[in-house]
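Reader: I would like to learn how to read the architecture of a model such as this one, going from sheets to helices and then to the backbone. Could we take the features in turn?

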Amino acid sequence: MKILAIESSCDDTAAAVVEDGRQVLSSVIASQVPEHILYGGVVPEIASRRHCESISGVCRKALEEAEIELNDIDAVACTYAPGLIGALLVGVNFAKGLSYSTGKPLIPVHHLRSHIASNYICSDELKPPFLALVVSGGHTHLINVKDYTDYEIIGRTRDDAAGEAMDKAARTMGLPYPGGLNMDREAADGDPHSYKFPLPKIQDSELDFSFSGLKTAVINLVHNLEQKGEKPDVKNIGASYIGTVVKILCDRTEKAINILHPERLILAGGVSANSVLRREMKTLADKYKIKLYMPDLKYCGDNAAMVGSQAFYEYQNGQIASLKLNATAALDIDKNITI
């Protein structure tokens with residue numbers, strides 16, 4: 001089954017052709033990063049306009065690279081939630097147009113389910129059940145993945161996502177967008193023990209996360225240094241900050257391992273590209289002698305190949321949308337669309 005998939009939840013316009021959920025025939029991404037660098041982060045209105053300008057060409061190129069025609073596809077898939085509402089609407093409406101004009105089924109896909117599915121592309125043998133840590137700029141979740149379309153959220157952030165906390169810290173230290181990526185690079189040679197940052201405690205849930213206090217701590221540290229006329233030590237502050245974020249993520253994941261006793265552990269989301277997180281998750285998996293799966297770096301960020309992968313399993317589960325499909329800015333991963 002060949003699926004033309006579309007991703008437009010944030011600032012990357014992407015299209016891909018994926019066969020049977022695992023084989024990527026093409027994957028095309030039009031990045032907006034150079035433009036958003038000017039503003040220090042994603043500007044939703046600009047992102048939506050650039051999606052409008054790029055989506056037709058990106059889809060056409062995906063079909064060309066897959067060496068197929070539009071009529072050769074078996075279904076059209078798109079990210080419909082969660083994300084920037086204006087950006088999502090561009091992809092959803094374009095997909096609806098393709099579905100209507102070709103008579104092909106329209107498959108709605110949840111963005112976080114797609115990130116998890118990026119591991120299916122990279123590991124043919126991977127199948128549920130497993131424990132998933134999904135970490136991105138807008139989300140931080142621990143998920144018990146029971147089946148391809150059956151999810152249980154067992155832990156989540158109470159405030160900021162880990163990726164957002166990294167981006168804001170990086171911006172405070174004067175690093176350009178995308179902050180988390182650039183801080184990871186700058187901190188590669190830094191000492192993670194140079195600065196001590198607070199470790200949050202959630203009173204009523206040992207698996208939930210909190211990063212707002214940590215973010216405030218690094219902002220106050222940098223501002224206090226600047227008020228004294230001192231230049232922030234980006235390498236060491238960055239290394240200490242990343243180390244603290246990763247410690248929090250690994251601590252909650254370890255608690256989940258001791259509760260669920262999974263045979264497989266997966267890492268997914270944009271922050272899964274972070275070098276420290278990948279290393280420490282490997283150490284954690286080795287400690288408990290469980291298999292760790294991580295997406296290739298090219299599939300860590302937003303892309304349409306992961307959408308096409310998850311769409312295959314959504315289709316098998318009967319998740320087909322009508323032309324009444326609408327975008328949704330916020331929706332939990334365990335909720336299925338009813339249209």
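Author: Let us begin with a helix on a sheet, bearing in mind that this is a predicted model. Helix 4 (residues 111-122) lies across strand 6 (130-135), strand 7 (140-147), strand 8, strand 9 and strand 10, and its direction makes about 120° with that of strand 9. Helix 8 (residues 234-260) lies across strand 6, strand 7, strand 8 and strand 9, running at about 160° to strand 6.

Reader: In what order do the strands of the sheet formed by strands 6 to 10 stand, and is the pairing mixed or of one sense?

Author: The order is 8-7-6-9-10 in an open sheet of five strands, and the pairing is mixed. At the edges are strand 8 (150-156) and strand 10 (291-293), each of which pairs on one side only. From one strand to the next, the twist averages 25°.

Reader: How many bridges join strand 9 to strand 10, and do these strands run parallel or antiparallel?

Author: Strand 9 (residues 264-268) and strand 10 run parallel and are joined by three bridges. To locate this pairing in the viewer, look for R264, which stands opposite K291 in strand 10.

Reader: How should I describe two helices that pack against each other?

Author: Two packed helices are described by the angle between their axes and the distance between the axes. In this model, the axes of helix 6 (residues 179-186) and helix 8 come within 8 Å and cross at roughly 115°. That angle makes helix 6 roughly perpendicular to helix 8, and the crossing of the two is left-handed.

Reader: Which residues of helix 6 and helix 8 make the contact?

Author: Helix 6 contributes M183, D184 and E186, while helix 8 contributes V234, K235, G238, Y241 and I242. Sorted by class, the residues of this contact of helix 6 with helix 8 are four nonpolar, one polar and three charged.

Reader: At what angle do the axes of helix 7 and helix 8 cross, and within what distance do they come?

Author: The axes of helix 7 (residues 212-227) and helix 8 cross at roughly 170° and come within 11 Å. Helix 7 and helix 8 are therefore roughly antiparallel to each other. On the helix 7 side the residues are L214, K215, V218, L221 and L225, and they meet I237, Y241, T244, V245 and I248 in helix 8. The contact of helix 7 with helix 8 comprises eight nonpolar residues, one polar and one charged. Y241 is thus named in the contact with helix 6 and also in the contact with helix 7.

Reader: Which strands stand at the edges of the sheet formed by strands 1 to 5, and what is the strand order there?

Author: This open sheet has five strands in the order 3-2-1-4-5, with mixed pairing. Strand 3 (23-31) and strand 5 (106-110) are at its edges, and each has a single partner strand, so one side of each is left without a neighbour in the sheet. Ignoring direction, neighbouring strands of this sheet are turned by 20° against each other on average. Strand 2 (residues 12-19) pairs with strand 3 in the antiparallel sense over eight bridges, and within that pairing V17 stands opposite S26 in strand 3.

Reader: Which strands does helix 2 lie across, and which does helix 3 touch?

Author: Helix 2 (residues 44-66) lies across strand 1 (2-7), strand 2 and strand 3, running at about 25° to strand 2. Helix 3 (residues 85-102) packs on the sheet by touching strand 1, strand 4 (75-81) and strand 5, and its direction makes about 160° with that of strand 4.

Reader: What should I look for when I inspect the backbone geometry?

Author: Most residues other than glycine have a negative phi, and most peptide bonds are trans. Here, a cis peptide bond with omega of about -20° joins A81 and P82, and P82 lies in the loop between strand 4 and helix 3. The bond from P128 to P129 is also cis, with omega near 10°, and P129 is in the loop between helix 4 and strand 6. E67, a residue other than glycine, has a positive phi near 60°, and its place is in the loop between helix 2 and strand 4.

Reader: How many helices and strands does the protein chain have, and what is its radius of gyration?

Author: The secondary structure comes to 10 helices and 10 strands. The radius of gyration is 20 Å, close to the 20 Å that the globule rule gives for 339 residues, so the protein chain is as compact as a globular protein of that length. Its C-alpha trace spans about 65 × 45 × 35 Å along the principal axes.

Terms used:
Residues numbered from 1 in each chain as written. Predicted model: local features only at pLDDT ≥ 70, side-chain atom pairs only at ≥ 80, totals over all residues. Heavy atoms only, no water. Pairing = 2+ DSSP bridges. Helix = DSSP H or I, 4+ residues; strand = E, 2+ residues; numbered from the N terminus. Axes fitted to C-alpha atoms, helices over the stretch in contact; angles between N-to-C directions. Contact = heavy atoms within 4.5 Å. Parallel < 35°, antiparallel > 145°, perpendicular 65-115°, else oblique. Left-handed = near helix turned anticlockwise from the far one by under 90°. Nonpolar A, V, L, I, M, F, W, Y, C, P; charged D, E, K, R; others polar. Rg over C-alpha atoms; globule rule 2.2 N^0.38 Å.
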